[in-house]
Amino acid sequence: MNLARYLLAATIVRTVDGGAAVGLVALAAASNAGAVVGGLLVAALSAPHVLGFLTAPLLDRAADGRKILAIAFTAYAVALGFAAVSLGHVPLAASIAMIVLAGTCGPMLTGGLSSQLAGIAADQRRAEGLDSLTYGVGSTLGPAMVTGLVVLLGPRFALLVCAAAAVVAAVLTLFLPRQFRVGQRDTAIRISTGLALLWRSAPLRRVATATTLMAVGLGALPVVAVLLATQLNHGVTGGGIMVAVFGAGSLASSLAVTVHPHKTEAEKLVIRYVTAMGIALIVAALAPSYLIALIAVCVAGVMNGPFVAATLAARSDYAPENARAQVFITFAGMKIAAAAAGAALAGVLSPFGGHTTMTLAAAIVLAGALVSVADRWINARRKAAWSSGRSPHF
């Protein structure tokens with residue numbers, strides 16, 4: 001029952017998070033504010049995710065993390081609802097400020113909530129697979145749901161529905177098991193220490209590196225897919241189909257992970273799936289036909305589902321108990337920032353065509369795996385040198 005309640009709250013709040021950007025763009029257009037304002041609103045919602053590590057200690061130090069999450073979800077709802085009703089009726093700066101507030105709460109909807117999963121389910125790996133499924137559902141269902149509401153009832157109503165749904169998730173969160181750890185408030189790691197932990201902990205460093213570079217490559221995918229499909233004579237529609245197929249493959253494999261949870265060490269799984277995604281994208285980049293490119297992108301999507309589950313497992317396995325929220329939320333912020341950078345990079349490189357930009361995206365993904373493997377090899381050599389009494393020279 002507790003896991004079901006968690007999954008319902010996670011699915012709702014991540015669907016809201018996935019669809020809010022679509023609603024904001026539609027609202028800007030309906031208010032005659034223009035595409036520039038729509039872009040500003042989306043940036044105001046996504047950019048603050050990078051600063052999630054500043055709010056993460058609130059969860060690590062809280063006697064009852066459920067209340068922190070519920071407050072964050074409610075604040076997100078109020079800010080989004082205010083923007084929905086105020087845009088076009090109050091100074092633009094006021095609406096943007098409220099969206100920034102919603103974006104500041106955003107990391108709690110992703111990494112913050114995931115950091116509380118430990119202890120809710122007996123089978124932790126299956127629970128992590130189900131949690132990864134909520135991310136996939138949210139990123140797929142959210143935009144589709146909001147688009148449908150915009151068409152039927154308008155963007156203001158669509159955003160108000162999102163706000164109401166976030167409140168429902170907040171209430172559900174309060175009914176999750178309390179996870180208070182004795183001495184937690186006194187031993188929680190400081191922000192600076194928590195950030196340094198991602199570098200000093202070899203497994204966390206390698207997973208963070210692979211995840212961040214992978215996010216740059218996949219963040220470019222929506223732009224690159226359109227470029228590649230156009231170059232292969234299938235236009236914008238063909239690019240949209242590629243992105244949809246990637247998402248469908250990711251959802252299907254996320255579901256498979258919940259049925260057959262992984263047993264291998266999380267770090268090794270992350271590197272394997274990043275490598276597989278990079279190879280699949282290379283095939284797509286070099287594909288002589290649209291069909292081959294479409295199949296390759298689908299394979300990359302299939303690799304993405306268990307990859308997300310593996311990253312959640314890595315954060316859970318390698319994060320110290322007194323910095324769990326900082327690790328989860330910092331990872332989430334880095335991934336979102338990297339994806340935004342990838343999309344921007346793809347836009348800058350778009351004149352070079354789909355094959356070239358897809359090759360670059362694939363190379364960045366593969367670089368994440370290669371750097372992590374090299375780090376692991378160097379670390380192993382250094383340990384071997386120290387154990388044998390020799391001083392390492394690399």
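Q: Is Thr 357 buried or exposed, and how is that decided?
A: Buried means under 20% relative accessible area. In this predicted model, Thr 357 has a relative accessible area of 5%, so Thr 357 is buried. The residue is found in helix α16, residues 354-387.

Q: Which residues does Thr 357 touch, leaving aside residues up to four places away in sequence?
A: Thr 357 touches Val 224, Leu 227, Leu 349 and Ser 350.

Q: What end-to-end distance should helix α14 span?
A: The estimate uses 1.5 Å a residue, which for the 29 residues of α14 (290-318) should give 42 Å. The end C-alpha atoms of α14 are 41 Å apart, in agreement with that value. Of the 29 residues in α14, 22 are buried, and the helix is mostly covered.

Q: How is empty space located, and how much of it lies in the largest pocket?
A: Rolling a probe the size of a water molecule over the atoms shows where empty space is left. Here the largest pocket holds about 1,700 Å³ of space.

Q: Which residues and helices line the largest pocket?
A: The lining has 48 residues, and Gly 18, Tyr 135, Ser 139, Ile 336 and Ala 339 lie nearest the centre of the pocket. Helices that each supply at least two lining residues include α1 (2-30), α6 (124-153), α14 and α15 (324-349). By class, the lining comprises 28 nonpolar, 16 polar and 4 charged residues.

Q: Why does Cys 105 form no bond with the closest cysteine sulfur?
A: A disulfide requires two cysteine sulfur atoms within 2.5 Å. The closest cysteine sulfur to that of Cys 105 belongs to Cys 162 and is 15 Å away, too far for a bond. The structure holds 0 disulfides.

Note on methods. Residues numbered from 1 in each chain as written. Predicted model: local features only at pLDDT ≥ 70, side-chain atom pairs only at ≥ 80, totals over all residues. Heavy atoms only, no water. Helix = DSSP H or I, 4+ residues; strand = E, 2+ residues; numbered from the N terminus. Expected span 1.5 Å × (residues − 1). Buried < 20%, exposed > 50% of the residue type's maximum accessible area, 1.4 Å probe, protein only. 1 Å grid on protein atoms, 1.4 Å probe; cavity = no way out; pocket = protein on both sides within 12 Å on 5 of 7 lines; lining within 4 Å. Points joined across faces, edges and corners; volume = space filled by probe spheres on them. Nonpolar A, V, L, I, M, F, W, Y, C, P; charged D, E, K, R; others polar. Contact = heavy atoms within 4.5 Å.
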